[in-house]
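This report describes selected side-chain contacts and one helix in a predicted model. The sequence and structure are shown first.

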Amino acid sequence: MYPMAPLVRTVLNTAARVAPGPAGRLAFHLFVRPLGRPRPRPEEQALFAAARTGRLHVRGKEVVTYAWGDGRRPVLLVHGWSSRASRLTAFAEGLLDRGYSPVAFDAPGHGESSGRASNIIEYREIIRELHGRHGDFDAVVAHSFGVLATHFALRGGVHAGRLVGVGGVGSFSMLLASFQGGFGVGESVVRRMREHVERRVAPGEPGIWERFDADRSAAELDLPVLLFHDEGDDMVPLAQARRLAHAHGDRARLVVTRGLGHRRILTDPGVVAEALDFVTEGSVAEPAVTVPDGRRVTG
């Protein structure tokens, strides 16, 4: 239950009937607001202090970007919701050790960037800008909501050789269901929010709402995909990863971990090492397996 949920529920459900425009706008502003802004951890600070930081502007918000290496073989790192780029430190360090050039950003309302909110459209625009600056990415490593946003960007003109998804969201409708459940709002509120997005946020992109789902036409991306997901993930159900793996077909492999949850999976040595091997070697031949205590079972 969100704070003030009963009041918000009453206001939104009533406004959806008598004032559709304001209802859609208010629902959207609530939906796109992160739950807190975490600080960098001590073990993340050295790497990010050594980064080449930059700035780009997306829809009036200043976005902080990070880059390492010599610029060759760029790999994009995309953080999740209510998170920050530094949570992907283990991957960035490993990529640097292997001669790659990691690129990352803090989305608006996250990390060191300005603003109080962000959304999947802004994530796409940021990724497009970084693609323009750094060229085609050798790979993208994304976490949670970042997996959803990465798919949206890859279907919107961004090119990458491979994709690693960790604890990924595959269905935008899952996020809507969480929003509805948290505030207790009805379907009419979601309809008004959709109208607001289509008319006000992205008026030049008819049908954009249907394209938010990562598992929609995923096979058309035609790139190797490696997915990691913990069976006990309390934020994103394992079913989301299974949907993504099915959508990508034979190009995808799913590794299921145990005991790592939604966040510790990002720092598990076994997960990080296998992701780096995939980025550098591109092996996608093996089927999905379950790994105890974050380690992969072969055979």
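## Aromatic pairs

The structure, a predicted model, holds 13 aromatic pairs. In one of them, the ring centres of Phe 152 and Phe 212 are 5.3 Å apart and the ring planes stand at 80°, so this pair is edge-to-face; the cut-off for that class is an angle over 60 degrees.

The pair links distant parts of the chain, with the two positions 60 residues apart in numbering. Phe 152 belongs to helix 6 (residues 145-154), whereas Phe 212 lies in the loop between helix 8 (187-201) and strand 7 (225-230). Phe 152 has a relative accessibility of 3% and counts as buried. Phe 212 is buried as well, at 2% relative accessible area.

## Aromatic cluster

Phe 152 and Phe 212 are also members of one aromatic cluster. Its other members are Phe 31, Phe 172, Phe 179, Phe 183 and Trp 209.

## A charge over a ring

Tyr 100 has Arg 73 over the face of its ring, at 4.3 Å from the ring centre.

## Helix 8

Helix 8 has 15 residues, which at 1.5 Å a residue should span 21 Å. The C-alpha atoms at its ends are 20 Å apart, in agreement with that expected span.

The buried residues of helix 8 are Val 189, Val 190, Met 193, His 196, Val 197 and Val 201. Around the axis they cover an arc of only 115°, so they lie on the same side of helix 8.

Methods
Residues are numbered from 1 along each chain as its sequence is written. This is a predicted model: local features need pLDDT of at least 70, side-chain atom pairs count only at pLDDT 80 or more; totals for chains, interfaces and linings use all residues. Side-chain values use heavy atoms; hydrogens and water are left out. Rings of Phe, Tyr and Trp (its six-membered ring) pair if their centres lie within 6.5 Å; planes under 30 degrees apart count as stacked, over 60 as edge-to-face and the rest as tilted. Helices (H or I, at least four residues) and strands (E, at least two) are DSSP runs, numbered from the N terminus. Buried means under 20% relative accessible area, exposed over 50%, partly exposed in between (1.4 Å probe, protein chains only). A charge sits over a ring if NZ of Lys or CZ of Arg is within 6 Å of the ring centre and within 35 degrees of the ring normal. The expected span of a helix is 1.5 Å times one less than its number of residues. The arc is that of the directions from the helix axis to the C-beta atoms.
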